[in-house]
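Open the model in your viewer and keep the sequence panel beside it. Each stop below gives a selection and what to find there.

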Amino acid sequence: MDHQGSTSTRIALIDGNSFYCACERVIQPALAGKPLIVLSNNDGCAIARSNEAKALGIRMGAPWFSIRHLESRGLVARSANFALYGDMSDRMMTLIGQFAPHQEIYSIDESFLDLGGLSDTGQEIGQAIRHRIAQWLGLPTCVGIGASKTLAKLANHLAKTYPVLQGVCDLCDIAPERRDRALALTPVDAVWGIGRRLAPRLRAQDIHTALDLARSNPRDLRSAFSSTVADTARELAGEACLDWQDHPEPRRQILCSRSFGQPVTRLDDLLQAISRFTSRAAEKLRRQGSLAGTLQVFARTSYFKPGRQHACSAVLPLTPPSDRTDRLIAVALAGLRGGYRPGCNYAKAGVCLMDIQPTHAQFQYDLFAPAEPPRADDRTMLALDRINARFGADTLQIASALHDHDAPWLMRQERMSPRATTCWNELIEIRC
Ligand SMILES: [Mg+2]
């Protein structure tokens, strides 16, 4: 849909408040009101913080060992539970999509919604969305509304910052002087797409706030900075010029890699890990309807640990391109066997699928190769994906990916909450 130049454009941005922490609280309500953080893979550092945790002075990215002592002050830490967050996100996005036909999912907890053509006021729609998400999912959100995506983002920031707004800020429905005041209160580096690197250069041009930027001449900005900055200024002035992406572009490469919970020396363990990562990557590949033409497999030791250092990597062609888990695993394992060195403590490994092409493309692969056209509608893979979608991830696996629950390459996740919404064995028990 073309939104360019439209004067009546109304765009909402719905954003989950402390989303990962909020998901943890949904399945463990006793965590409400407590300082709570979520840790990155292998329990390394804080990647999400509740307001109470922020009040304890915990910064984004703070290493766990440096804040662990705050447990004595009530801090609770959880290992990242992406199965839970992803599922809650899916549910939230589905609910939001029911309010208007035109939705763009921007991140795991943010979605734009086109309110054009709806007759209710922004306040009414915003509160209705917040109310439904809170009631159906137990998740807190804020809604920002503006004449462009950049203004909707800014309005959302205001809604989060000022509790008096009760979670909804509608910049389309206030007097121009008040809107200008809101923009003047917003430092330029808080504007979507500006960021810390660009802000000092803008300040040097006497552009300190969102209002300064909105009032700058886009043509001058284009020559002094870039067309992106010029577009941002136009957007702040109320002209919607960013495109809508109803269907996000398929990814051009799919990487699945992990740091191991413990060092891995045995080839068997490495092969297992790589089989697992390749299965994941292949699932993502099929989900976006693509085939991969090249596969890279790699493993390396840690630069920070004593012992023999080693890194191996192999880039292997897939002829013809494929989306079959078994085929990708066979190629990846052959590549890894060739590079593996006994006696090394491997700390990380992964696979990367590249040269990604849509399933329906016509391939010009090796003329002399046996004629085997790519078959994306392969029934085995279809059955694999359907069974796993219905009965839970990993119900059906390729045998080389099977592993014990204490495999050394598994991530350290000592503080993990249950996958309460996606795994039958981990449902929450309620006792009366
Ligand atoms: Mg958020």
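**Stop 1: an exposed helix residue**

Select Asn51. Its relative accessible area is 54%, and Asn51 counts as exposed because the cut-off for that class is over 50%. Asn51 is part of helix α2. This is a predicted model. Now add Leu236 to the selection. Asn51 and Leu236 are 185 residues apart along the chain, and their C-alpha atoms are separated by 28 Å.

**Stop 2: the domains**

Colour the chain by domain. Domain 1 covers 11-17 + 85-236, domain 2 covers 20-81, and domain 3 covers 254-401. How far apart are the centres of domain 1 and domain 3? Taken over C-alpha atoms, the separation is 39 Å.

**Stop 3: the magnesium ion**

Select the magnesium ion, then show its protein donors. These are Asp15 through OD, Gly16 through O and Asp109 through OD. They lie 2.1 to 2.4 Å from the ion. In the sequence panel, look for the spacing D-G-x92-D, which the donors follow along the chain. Gly16 sits in strand β1, while Asp109 sits in the loop between β5 (103-107) and β6 (110-114), so the pair ties together parts that are 93 residues apart in sequence.

Are these two residues buried or exposed? Gly16 has 5% relative accessibility and counts as buried, because the cut-off is under 20%. Asp109 is buried too, with a relative accessible area of 13%.

**Stop 4: the second largest pocket**

Stay with Gly16. Which residues lie nearest the centre of the second largest pocket? They are Gly16, Asn17, Ser18, Lys54 and Lys160. Select these five residues to centre the view on the pocket. Its volume is about 680 Å³, and its lining has 31 residues.

Next, highlight the elements that each supply at least two lining residues:

- strands β1 (11-16), β3 (46-49) and β7 (141-146)
- helices α1 (19-27), α2 (51-55) and α6 (149-161)

Helix α1 gives the most to the lining, with five residues. Helix α2, where Asn51 lies, is also among the contributors.

Switch back to the domain colours. Domain 1 and domain 2 each provide at least three residues of this lining. Then colour the lining by residue class. There are 14 nonpolar, nine polar and eight charged residues.

**Last view**

Show the ion and the pocket together. Gly16 links the two stops: Gly16 is a donor of the magnesium ion and one of the residues nearest the pocket centre.

Key. Residues are numbered from 1 along each chain as its sequence is written. This is a predicted model: local features need pLDDT of at least 70, side-chain atom pairs count only at pLDDT 80 or more; totals for chains, interfaces and linings use all residues. Side-chain values use heavy atoms; hydrogens and water are left out. On a 1 Å grid over the protein atoms alone, a cavity is a set of points where a 1.4 Å probe fits but cannot get out, and a pocket is an open set with protein on both sides within 12 Å along at least five of seven lines; lining residues have an atom within 4 Å of a point. Grid points are joined across faces, edges and corners, and a volume is the space filled by probe spheres set on the points. Helices (H or I, at least four residues) and strands (E, at least two) are DSSP runs, numbered from the N terminus. Ala, Val, Leu, Ile, Met, Phe, Trp, Tyr, Cys and Pro count as nonpolar, Asp, Glu, Lys and Arg as charged, and the others, Gly among them, as polar. Domain bounds come from an automatic or database domain assignment. Donors are N, O and S atoms within 2.8 Å of the metal (3.2 Å for Na, K and Ca); water is not among the atoms, so sites may look incomplete. Buried means under 20% relative accessible area, exposed over 50%, partly exposed in between (1.4 Å probe, protein chains only).
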